[in-house]
Every structure is written in C-alpha cells, then in structure tokens.
Amino acid sequence: MLTLGIETSCDETAIGIIEDKKILANLVSSQIAHTKFGGVVPELAARNHIKIIMPLTNVALEIAKKKLEDVDLFSVTRGPGLIGALLVGLSFAKSLAIALDKPVIGINHLEGHIYALHLEKQSPQYPYLVLLVSGGHTEVVLVRKEFDYETLGKTVDDACGEAFDKVAKLLGFPYPGGPYIEEHAKDGRLSAIKFPVPKPKEFNFSYAGLKTAVLYYTRDNPNYMRDDVAVNFQEVAIEHLIQVVSRAIESTKVKYFGIVGGVSVNKRLRHRFSLLAKEMGIRLHIPGLQHCTDNGVMIALAGAQRFEKFGPSDLSVDAVAREALDKIRH
Ligand code: KG4
Ligand code: ZN
C-alpha cells in the first residue's frame, strides 16, 4: 500500500511517501520566514504552506518514482497544532482524495511522532513508555498496545523545546534555538552556574521556573558567558526529563522506552538517556535524526496503521488545536 503523508501543523511543510514500511521519499521544507520574528507567526505559516505544498508533493512523487494516481491513502495531520496551518494540509489531502477517489485519514500529530519509533528496523515492543519532547509538547506516555495510550504526565507550563527556544532568544540566537544551545553548550563550562532542577508533582514537567532562573541570571550578571549559560541550562533541562522518566519507568516496570520529538535530536540528551537505560536495564529506542523533528513519513506510517485497523476518516474530518493521545477520536 502506497501512503502519502502530509504534515503542516506548525512551520514545517512535510511530505513523506511510504510503501508498506519502506520509505520512498521524505521531504521537509522549514520556513525561515519566522526567524526575524523570533517565533512562529501562524498566519505566515499557513500562507507559506499553501505556496509550497503542491510543488513539494510533486518533487516527493518524482523521488519516489510514483504518480499521484498510484497513491492508495492520503494521511494528514489533523492536530494538535495551528488551526490555519493544519487546514492547509487537511484541505489539500481531502481535495486529492476526492479528485482521485481514494481514502483520506486524519492523524494526531503526537501519535505521528510516536510512529517515528516504528520506522526503525528495531521498534519497541508493547507495552512501552515514550517521552515526547518537542517545541509544543513534553509528556510521558504509556503505550499499552497499539492505539492504547495513557498520558502519565505532561508539562504544566512551557514545553521543553519551547524553553530551549526562549533561552536561546534570551542569549541572542535565532529561532528555533535548540540547535544553537546544543552547539554553544559544547564550549561551556559545566557547573559554572547552578540552575535549579524543576520539581513538579508526580510525572509532570515544568520549565517556566528554569527559564526565569536563566533570565534572572543574565540580568544580574551582564558579563555572563553565553556558552556557560547554554551548557548549564541544557544540563538541567535534560536532568529534569531524566528524573521524571526514571520515576515513570520504575512505576510502570516497562522494559522498552522511546524518545520522540524535535528535542530528541540533542546528542547530550541521547547520551544521558542511553546511560539511564543501561542503569535501569531497559531497551532505549530513539528515531534517526531526520525522523525526530516534524516530518511526513511518521504521519504516513501512523495513517497506514490506523487505516488498517479502523478504516478511513470521514471527509468531514476537521482540524483540532488540541487533542490528547488518550482522547483520539477516529
Ligand atoms: O517536533 P518538532 O520538530 O516540532 C514540534 O512539534 O514542536 O520540535 C521542534 C523543537 C524546537 O523547540 C527546537 O528548538 C527543538 O525541537 N530542537 C532542539 C534541537 N533540535 C531541535 N532542542 C534541543 N537540541 C537540539 N539539537
Ligand atoms: Zn512535532
């Protein structure tokens, strides 16, 4: 089955084509128009998706050596995300489905990220725990079996990636700032500054306090070293994830654990979690770098799997700004 995945929930226009589990094309066009604003401008994102989505699809089909008529299923992100941006992808997918008389399926973006784990040769076995760390979400989820999720905890304020982006902005780096923090952290002195590790309840996360601690530090120390701030912020941000996740692993007694979402690109995070996995005797799964950040192949795979079990979505499938993993409506 040939599935075309469409992702437009934020500022990345992404098209992925898979044949069963084989990736034939994976194209991501990141919008740089937002850099000068220091964050994503929703209206601008939607307009840019409109411009790029058709040419990007054509190039993806060319790479896959397929024609539009060959596609068996159109899988598209329906939320959570920016409504205007989501509507571009959804309308595009529905139009193609109607014109070609093919099924369409609306996919939850977070479920898409989780399916990035199943694009790898070795995917986790059920039940497994997954940490989703992106620009919009930070949550720890128990995947009991396919399509059966229990959100154990989530951020009570900022997402982890959002904190990376806000701290990066404070330090004068462009948006999105996560990669700049990681790069500059390499030259920073660990322990030159002591930021507090957040301590929210149970399996929840919180990044607002850490972000404010960085803000106060830079305000009170005008001659601060950027690299020192970067490395110490990064270390505490990761330490917070480690502490919550190790509690969740202990409590659920899972044997498999995955990390997905844009922040899982971070090498320091990968290293710290691989040590934790060894220590706790569990199997760690992290997608390849190109499948951590937003992409179309993860949406294609989630769509293909859901379609097999539940069939297509109704053509009235709509965009949703929010939708928790354990509340997915089909
Ligand atoms: O999953 P994603 O592509 O989009 C969302 O669904 O949000 O994640 C984007 C987030 C941004 O906040 C970005 O700064 C962060 O992932 N990110 C990183 C790194 N690369 C991307 N954070 C830390 N270190 C990185 N190397
Ligand atoms: Zn994402």
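Me: What radius of gyration does the chain have, set against a compact globule of 330 residues?
Reply: The chain has 20 Å, which agrees with the value near 20 Å that a compact globule of 330 residues would have. The radius is taken over C-alpha atoms, and the globule rule is 2.2 Å times the number of residues to the power 0.38. This is a predicted model, in which local features need pLDDT of at least 70 and side-chain atom pairs pLDDT 80 or more, while totals for chains, interfaces and linings use all residues. Residues are numbered from 1 along each chain as written, chains are lettered from A and ligands numbered from 1 in written order, and side-chain values use heavy atoms, without hydrogens and water.

Me: How much of the chain is buried?
Reply: Buried residues account for 54% of the 330 (buried: under 20% relative accessible area with a 1.4 Å probe, protein chains only).

Me: Turning to the metal, which residues are the protein donors of the zinc ion (ligand 2)?
Reply: His109 (NE2), His113 (NE2) and Asp294 (OD) serve as protein donors, 2.0 to 2.1 Å from the zinc ion (ligand 2). Donors are N, O and S atoms within 2.8 Å of the metal (3.2 Å for Na, K and Ca), with water not among the atoms. Their spacing in sequence is H-x3-H-x180-D.

Me: And where do His113 and Asp294 lie?
Reply: His113 belongs to helix 3 (residues 109-115), and Asp294 to the loop between helix 9 (289-292) and helix 10 (297-310), so the pair ties together parts 181 residues apart in sequence. Helices (H or I, at least four residues) and strands (E, at least two) are DSSP runs numbered from the N terminus.

Me: Are those two buried or exposed?
Reply: His113 is buried at 1% relative accessible area, and Asp294 counts as buried at 13%.

Me: Why is the arrangement around the zinc ion (ligand 2) irregular?
Reply: The four donor atoms subtend angles of 93 to 144 degrees, which makes it irregular. Four donors would be tetrahedral with all angles between 85 and 135 degrees; four are square planar and six octahedral if opposite donors are over 155 degrees apart and all others between 65 and 115.

Me: Now the sheet: what is the strand order?
Reply: Five strands form an open sheet of mixed pairing, ordered 3-2-1-4-5. Its edge strands are strand 3 (22-30) and strand 5 (104-108). Pairing requires at least two DSSP bridges.

Me: How many bridges join strand 2 and strand 3?
Reply: Strand 2 (residues 12-19) pairs with strand 3 in the antiparallel sense over eight bridges. Ala14 stands opposite Val28 in strand 3.

Notes:
Buried < 20%, exposed > 50% of the residue type's maximum accessible area, 1.4 Å probe, protein only.
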